[in-house]
Amino acid sequence: MNARTTRTLAAALSLTAALAISGCSSDSDAKAGADKPEMTVSGAFMPEPVNDQMAGAFMVIKNDSKTADKLTAVTSPLSDDLQIHETKDQKMQQVAAMDVPANGELRLERGGSHIMLMGLKSLPKVGDKVTFELRFEKADPVKVELDVKERTYNGQNTSAH
């Protein structure tokens with residue numbers, strides 16, 4: 001074998017290996033992306049807060065994928081202390097996460113599970129919008145703009161289904 005044949009053979013083997021590796025990684029990347037839940041949010045609102053001590057936020061988080069997920073954190077420029085709360089046996093308690101079932105939804109509504117904002121930095125008024133970022137165990141973060149509504153507003157999505 002001469003030097004030219006050796007270089008050609010080495011180049012062919014390198015190209016074959018590179019194609020095999022890239023083919024494997026794109027398949028696994030596509031498969032990983034297909035398993036990753038994608039969340040959508042509807043009906044997001046916050047009743048106008050009475051004072052700067054606390055406020056509640058409500059919405060429906062929908063998971064159209066075959067993979068269950070969990071809401072693990074919420075952030076907002078309005079407060080440094082956002083908490084995920086559930087209501088069981090008429091008692092409200094903070095939880096670390098809430099399930100968002102595969103092909104299902106998590107309903108955050110008055111009298112049930114919701115998000116609490118503690119120690120507000122400002123008092124939003126009816127008609128304002130408040131930005132939130134929802135973080136999940138598997139899905140990418142979702143930015144949501146909540147409408148500030150009248151204190152008695154109950155939302156359209158909370159009674160639907």
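Colleague: Quick one to start: is Glu109 buried, exposed or partly exposed?
Modeller: Glu109 is partly exposed, with a relative accessible area of 22%; by the rule used here, buried means under 20% relative accessible area, exposed means over 50%, and partly exposed is what lies in between, with a 1.4 Å probe and protein chains only. Please keep in mind that this is a predicted model, in which local features need pLDDT of at least 70 and side-chain atom pairs count only at pLDDT 80 or more, while totals for chains, interfaces and linings use all residues. Residues are numbered from 1 along each chain as its sequence is written, and side-chain values use heavy atoms, with hydrogens and water left out.

Colleague: Which residue does Glu109 form a salt bridge with?
Modeller: The partner is Arg107, and the closest N and O atoms of this salt bridge are 3.9 Å apart; the term stands for a side-chain nitrogen of Lys or Arg within 4 Å of a carboxyl oxygen of Asp or Glu.

Colleague: How many salt bridges does that rule give?
Modeller: The count comes to ten salt bridges. One of them joins Asp147 and Lys129, with the closest N and O atoms 2.4 Å apart. Asp147 lies in strand E10 (residues 142–149) and Lys129 in strand E9 (residues 129–136), so the pair ties together parts that are 18 residues apart in sequence. The names come from DSSP runs numbered from the N terminus, where helices are runs of H or I with at least four residues and strands are runs of E with at least two. As for its surroundings, Asp147 is partly exposed, at 26% relative accessible area.

Colleague: And what do the side chains of Lys143 and Glu133 do?
Modeller: They meet in a salt bridge, at 3.3 Å from N to O. This pair links distant parts of the chain, since Lys143 is in strand E10 and Glu133 is in strand E9, ten residues apart. Lys143 is exposed, with a relative accessible area of 66%, whereas Glu133 counts as buried at 15%. Elsewhere, salt bridges that share partners join Glu105, Arg107 and Glu109 into one network.

Colleague: Changing topic: how does strand E2 pair with E8?
Modeller: E2 and E8 pair in the antiparallel sense over four bridges, and in E8 the bridge partner of Gly56 is Met116; pairing here requires that DSSP finds at least two bridges between the strands. E2 also pairs with strand E7 (residues 104–108), again in the antiparallel sense, over five bridges, and there Val60 stands opposite Arg107. Strand E1 (residues 39–47) is joined to E2 by five bridges and runs antiparallel to it, with Met39 opposite Asn63, and a hairpin connects E1 to E2 through six residues.

Colleague: Why is E2 described as largely enclosed by the rest of the structure?
Modeller: Eight of the ten residues of E2 (residues 54–63) are buried, so the strand is largely enclosed by the rest of the structure.

Colleague: What about E4, which strand does it join with two residues between them in a hairpin?
Modeller: That is E5 (residues 91–95), which runs antiparallel to E4 and is joined to it by five bridges, with Thr87 opposite Met92. In the loop between E4 and E5 sits Asp89, which has a positive phi of about 50 degrees although it is not a glycine, and which is exposed at 75% relative accessible area. Gln90 lies in that loop as well, with a positive phi near 60 degrees, and is exposed at 79%.

Colleague: Last one: which residues touch the most other members of the largest nonpolar core?
Modeller: Of its 29 residues, the ones that do so are Ile61, Leu71, Ile115, Leu117, Phe132, Leu134 and Phe136. A nonpolar core is a set of buried Ala, Val, Leu, Ile, Met, Phe, Trp, Tyr and Cys residues joined through side-chain atoms within 4.5 Å. Leaving aside neighbours within four places in sequence, Phe136 is in contact with residues including Met39, Ile61, Leu71 and Val100, where contact means heavy atoms within 4.5 Å.

Colleague: How buried or exposed is Val100?
Modeller: Val100 is buried, with a relative accessible area of 0%, and its place is in strand E6 (residues 98–100). The C-alpha atoms of Val100 and Asp69 are separated by 5.1 Å, although these residues are 31 residues apart along the chain.
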